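Me: I have a structure open and have not looked at it before. Can you take me through some of its parts?

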Amino acid sequence: MSYPPHRAALAALTVAALLSACDRSPAPPAGGPPGGAMPPLAVTVLNAEPRKVPVVIETVGTLEGLREVEVRARVAGTLQQQLYREGEPVAAGAALFRIERAPFEIAVDAARAAVAQAEARAEQARRETARLAGLVADRAISQREADDAASTAKPAEAALLAARAQLRDAQLNQGYTEVAAPIAGVAQRAQRSVGSLVSPTADGGLLTTVVQVDPIRVRFALSEAELAQVRQGKGRTVRLLGADGQPVPQVGRLDFAGSVVDPRLGTVPMRAEIANPGGQWLPGQFVRAQIVTGEQDAFLVPQAAVQSGDQGRFVWVMADGKAAPKPVVAGPWQGQDWVIRSGLAAGDKVIVDNLIKLRPGAPVQ
């Protein structure tokens, strides 16, 4: 069978193109590694350099007022007035409550009358003694009669002293009808309502509490090892951490360290005093505190770069173009960084991103 000349030429060209395609080998991708290997993972590295960082011990503590004083009624009576607003600062000596005064005013008047009577009797006894002393000198009476008159004058003087003491006691009780703040601080909620009958007993005498909140105290406990670190350190300053985890500007100092270890918890009670301007912190509040015991050379690494594994914390470093995990000993946070106490060396290239994609020995650049 014969083909037309133009069809024969077209068939010959098709066969030649197929043979040329079979002889051509595929070209490697431009810029990629030979053999189809994965390209190096692009990462950001941080050159580790040692620096001076504070040595801190972080703990949880409870705040309490520098002084917390109960305000109690010292005399019995009806509560007539509440002279302060609950939860607001009061000055030392400021009137907080007023108890009905009338019964105590009457008691003062009665005591003054008793003093006047005692003074009159004592004066009469003194005049009688002086008169009889003159008669003894003139031998008008015997010495015995004069001695009896002198003995009678002494009980009168004693009665006068007792009457004056009762007057002072009545005046003191009258003064107690106005209940004043014993210290400067924040007056708490009133425990007794106006119109209540109060008395200086344990159950009915508590009226309110005044708490001094500036400065304020923080109580916490340290383990034996932490206590040894505090004692060996060169500083004992204390800082509170705010809600953002950053230390507040006010710095306090330890003012009490226990000398007995709690056998149940193995801890030692501690206390520090810190300025509290404006009442930022409140008694009873739980806070995080840092005890700064000195300085040391350490490395600062972003918090995200420090990971945890079965063997503890570690970071990824780039060595010879490959990723490698490196165990580290981490301390507390400092700002947005983690303090690395050991495990890193100066010049280590710490990988700080793409951490989830890293594998030991993976190429990175």
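Reply: What follows is a short tour of single residues, ring pairs, cores and a pocket in this predicted model.

Me: Let's begin inside. Which residues of the largest nonpolar core touch the most other members?

Reply: They are V218, F220, L240, L254 and I291, out of 20 residues in that core.

Me: And which helices and strands supply at least two residues of this core each?

Reply: The strands are β2 (51-72), β9 (206-223), β10 (237-241), β11 (247-257), β12 (267-274) and β13 (286-302), and helix α4 (224-232) does so too.

Me: Take F220 from that list. What does F220 touch?

Reply: Leaving out residues up to four places away in sequence, F220 touches T59, V60, G61, L254, V268, P269, M270, R271, A272 and I291. Two of these, L254 and I291, are also on the list of core residues that touch the most other members.

Me: What is in the second core?

Reply: That core is separate and has 18 residues, including A73, F104, I183 and V198.

Me: F104 and I183, noted. Where is T177, and what does T177 touch?

Reply: T177 sits in the loop between α3 (143-175) and β6 (178-180). Not counting residues up to four places away in sequence, T177 touches V75, F97, R98, I99, E100, R101 and F104. F104 is the residue just mentioned as part of the second core.

Me: Is T177 buried or exposed?

Reply: Buried: the relative accessible area of T177 is 0%, and the cut-off for buried is under 20%.

Me: Which side chain does the side chain of T177 make a polar contact with?

Reply: That of R101, at 3.2 Å.

Me: Now Q212. Where is that one, and is Q212 buried or exposed?

Reply: Q212 is in strand β9. Its relative accessibility is 14%, so Q212 counts as buried. Apart from neighbours within four places in sequence, Q212 is in contact with G65, L66, R67, I183, A184 and G185. I183 is one of the residues in the second core.

Me: Staying in β9, what joins D214 and P215?

Reply: A cis peptide bond, with omega at about 0°. P215 lies in strand β9.

Me: Change of topic: rings. How many aromatic pairs are there?

Reply: The count is two. In one of them, Y84 and F97 are edge-to-face, with 5.5 Å centre to centre and 75° between the planes.

Me: Where do those two sit in the chain?

Reply: Y84 is in the loop between β3 (77-82) and β4 (89-90), and F97 is in strand β5 (residues 95-99). They are 13 residues apart, and the pair links distant parts of the chain. Both Y84 and F97 are buried.

Me: Why does the pair F314 and W316 count as edge-to-face?

Reply: Because the ring planes of F314 and W316 are at 80°, and planes over 60 degrees apart count as edge-to-face. The ring centres are 6.0 Å apart. F314 is buried at a relative accessible area of 18%, and W316 is buried at 7%.

Me: What about the largest pocket? What is its volume, and which residues lie nearest its centre?

Reply: The volume is about 230 Å³. The lining has 18 residues, and G245, Q290, W333, Q334 and G335 lie nearest the centre. Strands β2, β10, β13 and β17 (329-334) each supply at least two lining residues.

Me: β13 again. Where does P302 fit in, and what does P302 touch?

Reply: P302 lies in strand β13. Not counting residues up to four places away in sequence, P302 touches L46, Q336, D337 and V352. At 27% relative accessibility, P302 counts as partly exposed. The C-alpha atoms of P302 and V350 are separated by 9.7 Å, and the two residues are 48 apart along the chain.

Me: Last one: what is the phi of D320, and what is the phi of N354?

Reply: D320 has a positive phi of about 55° and is not a glycine. N354 also has a positive phi of about 55° without being a glycine. D320 is in the loop between β15 (312-319) and β16 (322-327), while N354 is in the segment after β19 (349-351). D320 counts as exposed at 80% relative accessibility, and N354 counts as partly exposed at 30%.

Note on methods: Residues numbered from 1 in each chain as written. Predicted model: local features only at pLDDT ≥ 70, side-chain atom pairs only at ≥ 80, totals over all residues. Heavy atoms only, no water. Helix = DSSP H or I, 4+ residues; strand = E, 2+ residues; numbered from the N terminus. Buried < 20%, exposed > 50% of the residue type's maximum accessible area, 1.4 Å probe, protein only. Polar contact = N/O pair within 3.5 Å; in protein donor to acceptor, adjacent residues only side chain to side chain. Contact = heavy atoms within 4.5 Å. Phe/Tyr/Trp six-rings, centres within 6.5 Å; stacked < 30°, edge-to-face > 60°. Core = buried A, V, L, I, M, F, W, Y, C linked by side-chain atoms within 4.5 Å. 1 Å grid on protein atoms, 1.4 Å probe; cavity = no way out; pocket = protein on both sides within 12 Å on 5 of 7 lines; lining within 4 Å. Points joined across faces, edges and corners; volume = space filled by probe spheres on them.
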